[in-house]
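The following exercises concern contacts, nonpolar cores and salt bridges. Please work through each task before reading its solution.

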Amino acid sequence: MNCGELLIIGGAEDKCLEGEVLNKFVELATHNDGGIGILPTASEIPEEVSAEYIKIFRDLGVNRVEVIKLDSRQDADDPAICEQLKSFSAIFISGGNQSRLSELIGKTKFHDALSKAWHKGMVIAGTSAGASILGKYMIVAADTMLNANKLKVEIGVGFGFLDGLIIDQHFSQRGRFDRLLSAIAGNKEIMGIGIDENTAILVKDGHFEVVGQHQVLVLDGSTSDYINITSSDNGSEELTLSGFNLHALTRGYRFDLLTRKLLMKKGIQQ
């Protein structure tokens, strides 16, 4: 069986009956039996976050919605929790702190079970921190606040569902172009994807389509012919670079992750 779809959301998605992004997730999740599992581990207020998603998913017609309570690595190695995972057709990973997801779940039995379930067709969605964790790499939240004195970012390891990618979220709304550019400049073989709020990419079979209200930006440094990172006496860092490819996509446009090229909307000729 082919891998399931990944719905990677830039955060702050509309939680109402008309919300395009969550409607898309429910549509995908209900293609198979099993219901939706909510994984709120990234959040400091998991009960509140879970209650909000339980309500909207039930309002959208999902009969079975359950929370996966996972608060430690011991939980993530618990056979009962891994068995619970197998009973869902789709998993929704909430926002919060992506480092917490990596620390508590990375390289555990739950992580392995989630990967196997996805490879067998399970749909996985993640919003905000839950989006960042889905790539092979991620920007570590605690070290990514840009200011006048520091541009460098710290790269961590995600769940690895998408190879060679860094996913950033709340992208335009929080002015994160510089931090994603810095991350890619230091790792030019990695492609960066910045996703705006209430916007998502739907990934399937090596390409993605943009869903939602705003924009997705793709930064590709693989074609770069010059990168220079200089440090000043006060510790600040500045980039000089040339030859990066930049793609800005809106609703309905598609992108090939293998060839790193734009695919037009269905019905539009290139």
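**Exercise 1.** Leaving aside neighbours within four places in sequence, with which residues is I91 in contact (heavy atoms within 4.5 Å)?

*Solution.* The model is predicted: local features need pLDDT of at least 70, side-chain atom pairs count only at pLDDT 80 or more, and totals for chains, interfaces and linings use all residues. Residues are numbered from 1 along each chain as its sequence is written, and side-chain values use heavy atoms, without hydrogens and water.

Step 1. I91 is in contact with F25, G37, L39, I68, L85, L114, M122, V123, I124 and A125.

Step 2. A nonpolar core is a set of buried (under 20% relative accessible area, 1.4 Å probe, protein chains only) Ala, Val, Leu, Ile, Met, Phe, Trp, Tyr and Cys residues joined through side-chain atoms within 4.5 Å. The largest has 45 residues, and I91, L114 and I124 are among those with the most contacts inside it.

Step 3. A second, separate core of 25 residues includes V21, L22, I38 and V62.

**Exercise 2.** Locate the partners of the salt bridge between D168 and R179, and state their burial.

*Solution.* Step 1. A salt bridge places a side-chain nitrogen of Lys or Arg within 4 Å of a carboxyl oxygen of Asp or Glu; for D168 and R179 the closest N and O atoms are 2.5 Å apart.

Step 2. D168 lies in strand 8 and R179 in helix 8 (residues 177–185), eleven residues apart; strands are DSSP runs of E, at least two residues, and helices runs of H or I, at least four, numbered from the N terminus.

Step 3. Both partners, D168 and R179, are buried.

Step 4. A network of salt bridges links D168, R176 and R179.

How values were computed
Buried < 20%, exposed > 50% of the residue type's maximum accessible area, 1.4 Å probe, protein only. Contact = heavy atoms within 4.5 Å.
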